[in-house]
Amino acid sequence: MRDLEVIQAGTVPYQDALTWQRRLAEDRIADRLSHDVLLLLEHPPVVTLGRNSHAEHLLRPQGIEVCEVERGGDVTFHGPGQLVGYPILDLHAYKQDLHWYLRTLEQALIEALGILGIPAERNPGLTGVWTRGAKIASIGVHVKQWVTWHGFALNVTTDLADFDRIVPCGIQGVEMTTVERELGTGSREPVWQNSVAAVIEGFTKSFGVSVIPSPEGAARQEHASLRT
């Protein structure tokens, strides 16, 4: 079974996380890093524009950081309460197929949401995960020499009003939702903790990996605690 180091990294500024991902990916390509990594974190509010983004899908850029990046997809929002996952995987050990990778990422999130008691599914022709007609998770990836970075964003306790700044993923009229909203729970902290655990379980099941302890200094970059 393939080894996966899971790092719960805390709240990380988007540009710092991007630099971190790129370094890990280059280390994985060059065999300086001997195992795969999954970064789990949150970002301060930021809008990112993928390779296929359209300017008209950014409705209100004022007062928020906007970053153009190399991932696929259109425009998306990241912010507090959103669980962002960046898998650094060498697909030589899995399957050298980008479509397989995207569908398996979707399956990992579908499995995670099922653990939480939320029915989830794909939307034919679109990338991401939906529940009861609303989008709950977005996916945008980049692959170089079959090593991945960028990844997924699961809305856990996200303030959905922030999505009014954009046309999420370029999908006109899409409704966004959160784990908290779908469960109707009153306390945010258990919802977050349970979501992190479910995502890790869904990921290990879908990708057939075994979580290993974080080796001292191998991939870690110190940041604040995950929840404040």
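Student: Let's start with helix 4: how many residues does helix 4 have, and what is its reach from first C-alpha to last?
Tutor: Happy to, and keep in mind that this is a predicted model. Helix 4 covers residues 188-207, which is 20 residues. At 1.5 Å a residue the expected reach is 28 Å, and the reach from the first C-alpha to the last is close to that, at 28 Å.

Student: Which residues of helix 4 are buried?
Tutor: Here the cut-off is under 20% relative accessible area. In helix 4 the buried residues are Val191, Trp192, Ser195, Val196, Ala198, Val199, Ile200, Gly202, Phe203 and Phe207.

Student: Which residue follows helix 4, and what is its phi?
Tutor: Look just past the end of helix 4, where there is a glycine, number 208. Its phi is positive, near 65°.

Student: Where does valine 156 lie, and is it buried or exposed?
Tutor: Valine 156 is in the loop that runs between strand 9 (147-155) and helix 3 (179-183). Its relative accessibility is 0%, so valine 156 counts as buried.

Student: Which residues does valine 156 touch, leaving out those up to four places away in sequence?
Tutor: Three of these contacts can be placed in helix 4, since Val191, Trp192 and Ser195 are among its buried residues. The full set touched by valine 156 is Gly81, Gln82, Leu83, Thr178, Val179, Glu180, Val191, Trp192 and Ser195.

Student: How far apart in space are valine 156 and threonine 177?
Tutor: In sequence, 21 residues separate valine 156 and threonine 177. In space, from C-alpha to C-alpha, the distance is 8.6 Å.

Student: And how far apart in space are serine 34 and arginine 188?
Tutor: Serine 34 sits in the loop between helix 1 and strand 2 (36-42), and with a relative accessible area of 66% serine 34 is exposed. Arginine 188 is 154 residues away from serine 34 in sequence. Their C-alpha atoms are 36 Å apart.

Student: Moving to helix 1, which of its residues are buried?
Tutor: Helix 1 spans residues 14-29 and has 16 residues, with a reach of 22 Å that is close to the 22 Å expected. Its buried residues are Tyr14, Ala17, Leu18, Trp20, Gln21, Leu24, Ala25, Asp27 and Arg28.

Student: Why does aspartate 27 count as buried, and which residues is it in contact with beyond its neighbours within four places?
Tutor: Aspartate 27 is found in helix 1. Its relative accessibility is 15%, and therefore aspartate 27 counts as buried. Setting aside neighbours within four places in sequence, aspartate 27 is in contact with Arg32 and Leu33.

Student: What phi does aspartate 31 take?
Tutor: Aspartate 31 comes just after helix 1. Its phi is positive, about 65°.

Student: What are the phi values of tryptophan 146 and cysteine 169?
Tutor: Tryptophan 146 is in the loop between strand 8 (134-144) and strand 9, and at 29% relative accessibility tryptophan 146 counts as partly exposed. Cysteine 169 is in the loop between strand 9 and helix 3, and with a relative accessible area of 23% cysteine 169 is partly exposed. Neither is a glycine, yet phi is positive in both: about 65° for tryptophan 146 and near 55° for cysteine 169.

Student: Which elements do the buried residues of helix 2 pack against?
Tutor: Helix 2 (residues 98-115) has end C-alpha atoms 26 Å apart, which agrees with the span its 18 residues should have. Its buried residues include Tyr101, Leu102, Leu105, Leu109 and Leu113. The buried residues of helix 2 pack against strand 6 (82-88), strand 7 (129-131), strand 8, strand 9, helix 3 and helix 4.

Student: In what order do the elements of the protein chain run?
Tutor: There are 4 helices and 10 strands to place. From the N terminus on, the order is β-α-β-β-β-β-β-α-β-β-β-α-α-β.

Student: What is the radius of gyration of the protein chain?
Tutor: The C-alpha atoms fill a box of roughly 45 × 35 × 35 Å along the principal axes. A compact globule of 228 residues would have a radius of gyration near 17 Å, and the value for the protein chain agrees with this, at 16 Å.

Technical notes
Residues numbered from 1 in each chain as written. Predicted model: local features only at pLDDT ≥ 70, side-chain atom pairs only at ≥ 80, totals over all residues. Heavy atoms only, no water. Helix = DSSP H or I, 4+ residues; strand = E, 2+ residues; numbered from the N terminus. Expected span 1.5 Å × (residues − 1). Buried < 20%, exposed > 50% of the residue type's maximum accessible area, 1.4 Å probe, protein only. Rg over C-alpha atoms; globule rule 2.2 N^0.38 Å. Contact = heavy atoms within 4.5 Å.
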